[in-house]
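Welcome! Here is a short briefing on the empty spaces inside a protein and on the rings and charges that meet within it. Have the sequence and the 3D view open as you read.

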Amino acid sequence: MLIRTNTSGFNHPVASEITPQGVYQGRRDMIRLMATGAAGVAAAGWAGRQAMAQTVTKPGKLAALPGVKSAVSGAVTMEKVTDYKDVTTYNNFYEFGTDKADPARNAGTLVTRPWSVAIEGLVKQPRSYTLEDLIKLSPQEERIYRLRCVEGWSMVIPWVGYSLSELIKKVEPLGSAKYVEFITQADPKTMPFVGSRVLEWPYVEALRMDEAMHPLALLTFGMYGEVLPNQSGAPVRMVLPWKYGFKSGKSIVKIRFTDKEPRTAWNKAAAQEYGFYSNVNPNVDHPRWSQATERRIGEDGLFAKKRKTLMFNGYEAQVGQLYAGMDLKKFF
């Protein structure tokens, strides 16, 4: 049997030259090639993901905070990482102003040392953790997550931290604890827009307990291999990649466990626009912004065709079961 190489790179028998004895062998060869090809693609995908994780450039601006490879499903996207400059100069942190550039301009006043986080409410082990104790509580991991803002833009950011569940297990919530509340620092002396009428202060966010226990929910201390810059929520924040960015509370000083659904900052400000869950959902629009598409900062120009938004920001395989049977238009 003669074999001819085609442009796909596989060696296929030419139909007119196959002998009856060669049909079975040809099929076996094709199955073998497909199997090894699939394995090769999987291996190449893993190698590519590892290579991307290893090539994240450390900015060299702040103290190093390296993270080990994460084994959590969905923890490392293979998408292009957004430039550090874009991430740190285009963001929302209303304690420092409402313009995208305000946090970078104004957050230098934030004092992040010393810092402590109080654990309160329905737990067996209420206590106050120093920042140093929190950092040492579990090994730091690097997670490369997509971030999606409700305003219709997105980024890809390498964070450093560990699953919030590691802290939750340490403090031992009571069986009556159904929600976890995150309270941001609210110091008008160091956060100049605290007290403005745009929101009720302090900034409060919250999760259902099963959401908080999900391994993708990241208690975060760094990004790009360094500690968090002030404008990005230093010294400790949450990162929840399947939810809109405002759900990830920054500069956290209290974590409270409760049996009642907390009222969150944006839900208090405009309940008809900001639901408790705030999961990324291309099928449920915000009154002012379509959620069907998004613009990737640093990649998609203002006049470029927008990319489609993924359900749960692309983390549906990991978190979809948390919302099985829920009406996601009602519980938005």
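How much space lies in the largest pocket? The answer is about 450 Å³. Please keep in mind that this is a predicted model. Rolling a probe the size of a water molecule over the atoms shows where empty space is left.

**The largest pocket**

- The lining of the largest pocket is made by 30 residues. To find its centre in the 3D view, look for N92, F93, G245, F246 and K250, which lie nearest to it.
- Strand β7, which covers residues 153-163, gives the most to this lining, with 4 residues.
- Sorted by class, the pocket lining has 18 nonpolar, 8 polar and 4 charged residues.

**The largest cavity**

- Besides the pocket, there are cavities to explore: the count comes to 2 cavities of 30 Å³ or more. The largest cavity has a volume of about 60 Å³.
- The residues that line the largest cavity are R146, L147, R148, R237, V239, L240, P241, K243, Y244, G245 and S248. The elements that give two or more residues to this lining are β6 (141-148) and β12 (237-239).
- With 3 residues, β6 provides the largest share of the lining of the largest cavity.
- By class, the lining of the largest cavity holds 5 nonpolar, 2 polar and 4 charged residues.

**The second largest cavity**

- The second largest cavity has a volume of about 30 Å³. You can trace its lining through I119, L164, L167, I168, V171, V180, I255 and F257.
- Two or more residues of this lining come from each of the elements α5 (164-171) and β13 (252-258). Helix α5 gives the largest share, 4 residues.
- Which classes of residue make up the lining of the second largest cavity? There are 8 nonpolar residues, no polar ones and no charged ones.

**Aromatic rings that pair up**

- A search of the whole structure finds 13 aromatic pairs. One of them is formed by Y277 and F331, whose rings meet edge-to-face, 6.5 Å centre to centre and with 90° between the planes.
- Y277 lies in the loop between α7 (265-269) and β14 (293-296), while F331 lies in the segment after α8 (316-319), so their pair ties together parts that are 54 residues apart in sequence.
- Are these two rings buried or exposed? Y277 is buried, with a relative accessible area of 7%, whereas F331 is partly exposed, with a relative accessible area of 37%.
- Another aromatic pair, F312 with Y323, is stacked: the ring centres are 5.4 Å apart and there is 20° between the planes. This pair links distant parts of the chain, with F312 in the loop between β15 (307-308) and α8, and Y323 in the segment after α8, 11 residues apart.
- Both F312 and Y323 are buried.
- Now put the rings together: Y179, F276, Y277, F312, Y323 and F331 form one aromatic cluster.

**Charges over rings**

- The charged end of R127 sits over the ring of Y129, at 3.8 Å from the ring centre.
- The charged end of R146 sits over the ring of Y315, 4.6 Å from its centre. You have met R146 already, as one of the residues that line the largest cavity.

Note on methods: Residues are numbered from 1 along each chain as its sequence is written. This is a predicted model: local features need pLDDT of at least 70, side-chain atom pairs count only at pLDDT 80 or more; totals for chains, interfaces and linings use all residues. Side-chain values use heavy atoms; hydrogens and water are left out. On a 1 Å grid over the protein atoms alone, a cavity is a set of points where a 1.4 Å probe fits but cannot get out, and a pocket is an open set with protein on both sides within 12 Å along at least five of seven lines; lining residues have an atom within 4 Å of a point. Grid points are joined across faces, edges and corners, and a volume is the space filled by probe spheres set on the points. Ala, Val, Leu, Ile, Met, Phe, Trp, Tyr, Cys and Pro count as nonpolar, Asp, Glu, Lys and Arg as charged, and the others, Gly among them, as polar. Rings of Phe, Tyr and Trp (its six-membered ring) pair if their centres lie within 6.5 Å; planes under 30 degrees apart count as stacked, over 60 as edge-to-face and the rest as tilted. Buried means under 20% relative accessible area, exposed over 50%, partly exposed in between (1.4 Å probe, protein chains only). A charge sits over a ring if NZ of Lys or CZ of Arg is within 6 Å of the ring centre and within 35 degrees of the ring normal.
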